[in-house]
Amino acid sequence: MNSDWQTFLAAAVVVSTLVVFAVRLARPKKKSGCRKNCGCGK
Amino acid sequence: MSNASEAPSIIALIGNPNAGKTTLFNALTGANQRVGNYSGVTVEVKSGETFTPHGRKLRVLDLPGCYSLRASSPDEKVALDALNGLLPGESIPDLVVCVVDASNLERHLQLTLQVIELGLPCVLALNMVDVAERTGLRLDPAKLSEELGIPVVPMQANARRGIVELKQALRFPRPHASEADWSHETSDLETSRRAFIARLCELAARRPEAHQQTLSDKIDAVLLHPLYGWIAMMLIFFTVFWAIFSFAQIPMGWIKSGQDALSTWIGSILQEGDLRSLLADGVVTGVGGVVTFLPQIILLFLFIGLLESSGYMARAAYLMDAVMAKAGLSGKSFLPLFSSFACAIPGVMATRTIDSAKDRLVTIFIAPWMSCSARLPVYFLIVPLLLQSKEGTWKQALVLFGIYALGTLSAFVVARVLRGRLGEDITPGHFLLELPPYRKPQWSYIFRHVFDRAMAFVKKAGTVILGLSILLWALKTYPKTPSADKADALANSAIGHIGIVIEPVVKPLGFDGRMGTAILTAFAAREVFVSSMSILYRVEESDNEEQDRSILRDRLIESKWPDGRPIFTPLSLISLLLFFMYAMQCAATTAVVARESGSWKWAFWQFVFMTGFAYLVSLLVFQGGKLLGF
């Protein structure tokens, strides 16, 4: 694989990661069973 | 109630923590549910399927372990909601199986009476009859059944004894709801229940006249002894710590070799380029650096499982309770904090053994202040520079001990303040610490427990940590520079530019832009600081880490500010040490904290507090030292 393709693919991976993080942050949170500040994991 | 002719009947399992409820659930459903009670964590209701002896399908709900139905804790609220059919998508159970520890009926029957008071049909699963009989307790299940008005099934769930009999009790026609006769005896329901249980135990669970000293009593005479108990506990925890700290190095080395081999393989199939750098330097190094901790996590949870399953953990919590109370915590916080000296990640994950949600959150908050092994390469670089000596002298050992002691002391002070601010627990917490009899470890439970924790960690490494590694690589790589020199590339990257921008921010701490850049890269993981400093100060990496650090130290001694003053003075080095002691510089720990606390907000504020505190302490020490003429 030549250098140009590698540059393009690496940038695509970085942008995809940014998009995934942004979507996860923007997604409304599911309420856990115990509602608030009880320290429970999901 | 569910329609018996269409949908499968719903059977709810309820019981106190450590009654063997999840063991029974697994025995009934064949499911791989984890056994244990972690209040504030296992608050979800697990469900599985089983069949009556006639082949009729039943849906079994495993409710969280709880002591009562007062709904004063998340566990109790979920259990009560489940029994009232208030959980989303669930109806009122057709039958409730109350699981009780036969050797501790006085306490466990309290919950059973409360379930009967709700008017729900019940079956009493009289679990651990073997333990009860060994203590000399004379059980009369028929009398118990007659007095309570519900079927009673003696059983030993971990040996699958009594499962068939229990399934018989679950078939049609089901028992009717019993009358709560005791509820009319006095105006206070609690008193009525206690009086009824005392009478019931006198009739159906008689203890021997003279107290028989059991094997557990004999072991406790040593393990809870004011002197020998402490010695035994120190030996046990030292072994755990030693195993995590040193024995895990062997598989960690294998993972590191695998990581190197993978990087080499990527280098062999891809020519020089961004994708190769992303995969080898970003993904493999980033994710591999975190997966390296997997052996420590597996070992820690193996020990925790062993200590819990055998019954020793409750004794250790009992012994440590008074000490940890000085920090506003319970004895159960000791092991997670102790394990954090090896690595905060397994330490934070180990907080699941803490019953109180507030104690757990505070323990998670302070765990990263226990000096973890990732800080050691940084200390090994800075401390000899500070003392102007070679590595490995007793003075350095003394400084290192001081660093560990100061970190722990600071953590305890913060814990005390924070715990006070969170207020009293509404759950009984450590005041209801039970000392269960010693049992043979349940290996199937331990291995399931270890597997669950390891998988949760690997999943985290494969998602959030993978993403963070890619983004950090991008910050260290873009914008690209035509120079092939690694130091130039890093200095011209986004992170290098941020380093220059933040120089005015870090200068009051005695740091220059290059140190600022190296500190920024260390927010991924602390040990990255040394390799970043090596790149920025142009030290060629060799196989001898000690020699590399020595060359780097020489370069650091030579480095000067533009006006000719040395950058690395004793004062700036102390400032740097303090910054590394207190700052939250581990992306993986932050991700694990977010998961374990169930809140990114908690992880964020922990990061802000720890890093802000580190900045403030370094600033005060450096500026104060300068004012005093150092």
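Mentor: Two strands count as paired once DSSP finds at least two bridges between them. The model here is predicted. Start with the sheet.

Trainee: How many bridges join E1(B) to E3(B)?

Mentor: Two would already make a pair. E1(B) and E3(B) run parallel. One facing pair is B:Ile11 and B:Val60, the latter in E3(B). The number of bridges joining E1(B) to E3(B) is 5.

Trainee: In which sense do E2(B) and E3(B) pair?

Mentor: E2(B) covers residues 46-51, and E3(B) covers residues 57-62. Their partners include B:Thr50 opposite B:Leu58 and B:Phe51 opposite B:Lys57. Positions go up in E2(B) while their partners go down in E3(B). Over 6 bridges, the sense is antiparallel.

Trainee: Which residue in E3(B) is the bridge partner of B:Gly48?

Mentor: B:Gly48 belongs to E2(B), on its buried face. Its partner also stands opposite B:Ile11. That partner is B:Val60.

Trainee: Which residue takes a positive phi in the hairpin of E2(B) and E3(B)?

Mentor: The hairpin has 5 residues between the strands. One residue there has a phi near 85°. That residue is B:Gly55.

Trainee: Along strand E2 of chain B, which side chains point to one face and are buried?

Mentor: The side chains alternate along E2(B). B:Ser47, B:Glu49 and B:Phe51 point to the other face and are not buried. The buried set is B:Lys46, B:Gly48 and B:Thr50.

Trainee: What is the distance, N to O, at which the side chains of B:Lys57 and B:Glu49 meet?

Mentor: B:Lys57 is partly exposed at 35% relative accessible area. B:Glu49 is also partly exposed, at 42%. Their side chains form a salt bridge, N to O, at 3.7 Å.

Trainee: Which are the edge strands?

Mentor: The open sheet has 6 strands with mixed pairing, in the order E2-E3-E1-E4-E5-E7 of chain B. An edge strand pairs on one side only. The edge strands of chain B are E2 and E7.

Trainee: By how many degrees are neighbouring strands of this sheet turned against each other on average?

Mentor: Direction is ignored here, so parallel and antiparallel neighbours are treated alike. The average turn is 25°.

Trainee: What angle does the direction of helix H3 of chain B make with that of E4(B)?

Mentor: H3(B) spans residues 105-117 and packs on the sheet. It touches E1, E4 and E5 of chain B. Against E4(B), its direction makes about 170°.

Trainee: And what angle does the direction of helix H6 of chain B make with that of E4(B)?

Mentor: H6(B), residues 163-170, packs on the sheet too. It touches E1, E2, E3, E4, E5 and E7 of chain B. Its direction makes an angle with that of E4(B) of about 150°.

Trainee: Now the helices. How far does helix H25 of chain B reach from its first C-alpha to its last?

Mentor: H25(B) has 14 residues, 545-558. At 1.5 Å a residue, 20 Å is expected, and the helix comes close to that. The reach is 20 Å.

Trainee: What arc around the axis do the buried residues of H25(B) cover?

Mentor: The residues concerned are B:Asp548, B:Arg549, B:Leu552, B:Arg553 and B:Leu556. They lie on the same side of H25(B) because their arc is only 140°.

Trainee: Which exposed residues does the face of H25(B) turned away from its buried side carry?

Mentor: The buried side has cover that includes H17 and H24 of chain B. Exposed means over 50% relative accessible area. The face turned away carries B:Ile557 and B:Glu558.

Trainee: In which helix do B:Glu147 and B:Lys143 both lie?

Mentor: The two form a salt bridge, with the closest N and O atoms 3.8 Å apart. Both are partly exposed, B:Glu147 at 29% and B:Lys143 at 23%. They sit 4 residues apart, about one turn, in helix H5 of chain B.

Trainee: Does B:Glu202 count as buried or exposed?

Mentor: B:Glu202 forms a salt bridge with B:Arg206, which is partly exposed at 37%. The exposed class starts over 50%. At 51%, B:Glu202 counts as exposed.

How values were computed: Residues numbered from 1 in each chain as written. Chains lettered and ligands numbered in written order. Predicted model: local features only at pLDDT ≥ 70, side-chain atom pairs only at ≥ 80, totals over all residues. Heavy atoms only, no water. Buried < 20%, exposed > 50% of the residue type's maximum accessible area, 1.4 Å probe, protein only. Helix = DSSP H or I, 4+ residues; strand = E, 2+ residues; numbered from the N terminus. Expected span 1.5 Å × (residues − 1). Arc of directions from axis to C-beta. Contact = heavy atoms within 4.5 Å. Salt bridge = Lys/Arg side-chain N within 4 Å of Asp/Glu carboxyl O. Axes fitted to C-alpha atoms, helices over the stretch in contact; angles between N-to-C directions.
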